[in-house]
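Hi everyone, thanks for coming. Let me put the model up, and then we can look at the empty space inside.

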Amino acid sequence: MIAYLDNAATTRVWPEAAQAAVEAMTERYFNPSSRYPAASGAAKALEADRAAVAKALGCSPKEVTFTSCGTESDNWAVRAAAEYGRRKGKHIITTAIEHHAVLNPVAELEQEGYEVTYLQPTARGTIDLAELERALRPDTILVSMMLVNNELGSVLPVREAVQIVKRSGAPALFHCDAVQAFLKVPFTPKSLGVDLLAVSGHKVHAPKGIGAMYIRNGLKLKPFILGGGQENGLRSGTEPTAQIAAFARACELGLARRDADIAHMQELKDYTLRRIAEEVPQVAPVIEGDAPHVLALTMTGYKSEVLVRVLGDRGVCVSAGSACHRGRPSHVYAAMNLTKPQRDGAFRVSFSGDSTKEEVDALIDGLKFAAKTLFPSMS
Ligand code: PLP
């Protein structure tokens with residue numbers, strides 16, 4: 001049995017979503033831009049799919065632009081916001097715990113002469129709004145804050161942050177990386193008040209290779225990819241209709257199941273925490289985090305790479321920090337000021353609506369086995 005508890009890294013594609021992709025590839029395979037009647041079916045399907053994604057996001061279809069992934073959406077948002085504000089200033093505010101899809105393009109702008117303020121996390125893995133208030137300046141042109149942190153499962157106060165930015169009078173656009181929040185915590189871009197927001201298909205049971213960016217109605221951004229003028233001229237390239245169809249189907253199903261899935265994931269998270277507290281004293285939560293699907297744990301003093309391998313050999317899939325780090329120490333845990341033994345032993349368990357109690361039981365058995373057979377490292 002595989003106990004797949006790494007759903008923040010990626011999710012299993014739902015069969016209905018895969019089927020939608022197959023139909024788009026084998027039946028509606030026409031180029032949506034072609035002019036004959038058969039192709040207009042593909043164009044109509046594309047717009048229906050956009051409407052389905054928009055409905056799950058809670059925005060207008062006109063505000064949804066398809067991209068290739070969450071990383072692309074984040075990169076575009078940062079670059080486009082800098083371009084948008086180029087006559088107004090060169091100051092950016094973000095958080096020290098963003099994903100590299102935001103941090104790296106921001107760092108590139110820093111090298112080009114922008115000034116960047118990195119808000120540090122609180123002990124709960126969130127952001128102190130007073131610090132944001134102090135950081136805002138008349139030349140702040142971008143504030144980028146994620147809604148749910150991928151390593152900690154903390155929920156950041158994006159709505160309140162947007163209000164502070166608006167009140168300050170700073171000319172900043174507000175971008176939100178909602179890749180880990182989409183269909184996991186209820187929100188709409190309008191309820192948050194953001195200008196730009198990134199989501200990704202493969203975190204919500206669609207295939208890899210599809211993402212979207214919410215661009216607030218009325219906001220005119222510079223195109224990201226130039227060419228044939230697809231996606232309203234903003235992101236050219238023949239639309240990946242199969243991935244889009246699958247994403248739309250996953251959004252429809254995900255929206256219908258959302259509240260039940262959130263309750264189910266929260267129940268599994270609570271069950272995991274309870275069993276660990278009772279049965280595996282070597283393991284403790286880094287923080288409990290308010291998102292229902294991410295649980296940051298640490299086996300203090302042990303090496304999480306070894307733990308992840310031991311669990312993996314038993315079919316239990318969890319991640320040592322974020323899978324996106326590829327073995328590099330986590331900037332999030334560093335920003336959280338965890339001690340080195342806590343950081344070394346940190347690992348992440350993450351659920352989906354499909355996760356089961358049996359999978360958690362396999363995790364607990366694996367952790368007990370690891371606690372019995374592994375030794376704390378001497379470093
Ligand atoms: N932002 C966050 C918070 C993420 O967790 C991830 C992926 O793990 C990304 C962005 C990147 O998304 P994608 O894998 O679709 O490029």
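The second largest cavity is lined by Ala-24, Arg-28, Ala-42, Ala-45, Leu-46, Asp-49, Thr-241 and Ala-245. By cavity I mean a set of points, on a 1 Å grid over the protein atoms alone, where a 1.4 Å probe fits but cannot get out, and lining residues have an atom within 4 Å of a point. This is a predicted model, where local features need pLDDT of at least 70, side-chain atom pairs count only at pLDDT 80 or more, and totals for chains, interfaces and linings use all residues. Residues are numbered from 1 along each chain as its sequence is written, and side-chain values use heavy atoms, leaving out hydrogens and water.

How much space lies in the second largest cavity? About 40 Å³, as the space filled by probe spheres set on the points, which are joined across faces, edges and corners. Helix α2 (37-57) gives the largest share of its lining, four residues, and both α2 and α8 supply at least two. Helices here are DSSP runs of H or I, at least four residues, numbered from the N terminus.

Now for the largest cavity: about 110 Å³ of space lies there. Its lining includes Trp-14, Lys-184, His-205, Asp-261 and Met-265.

Last stop, α8 again, at residues 241-279. This helix gives nine residues, the most of any contributor, to the largest nonpolar core. That core has 72 residues, and Phe-182, Phe-187, Leu-197 and Phe-247 touch the most other members. A nonpolar core is a set of buried (under 20% relative accessible area, 1.4 Å probe, protein chains only) Ala, Val, Leu, Ile, Met, Phe, Trp, Tyr and Cys residues joined through side-chain atoms within 4.5 Å.

How values were computed
Buried < 20%, exposed > 50% of the residue type's maximum accessible area, 1.4 Å probe, protein only. 1 Å grid on protein atoms, 1.4 Å probe; cavity = no way out; pocket = protein on both sides within 12 Å on 5 of 7 lines; lining within 4 Å.
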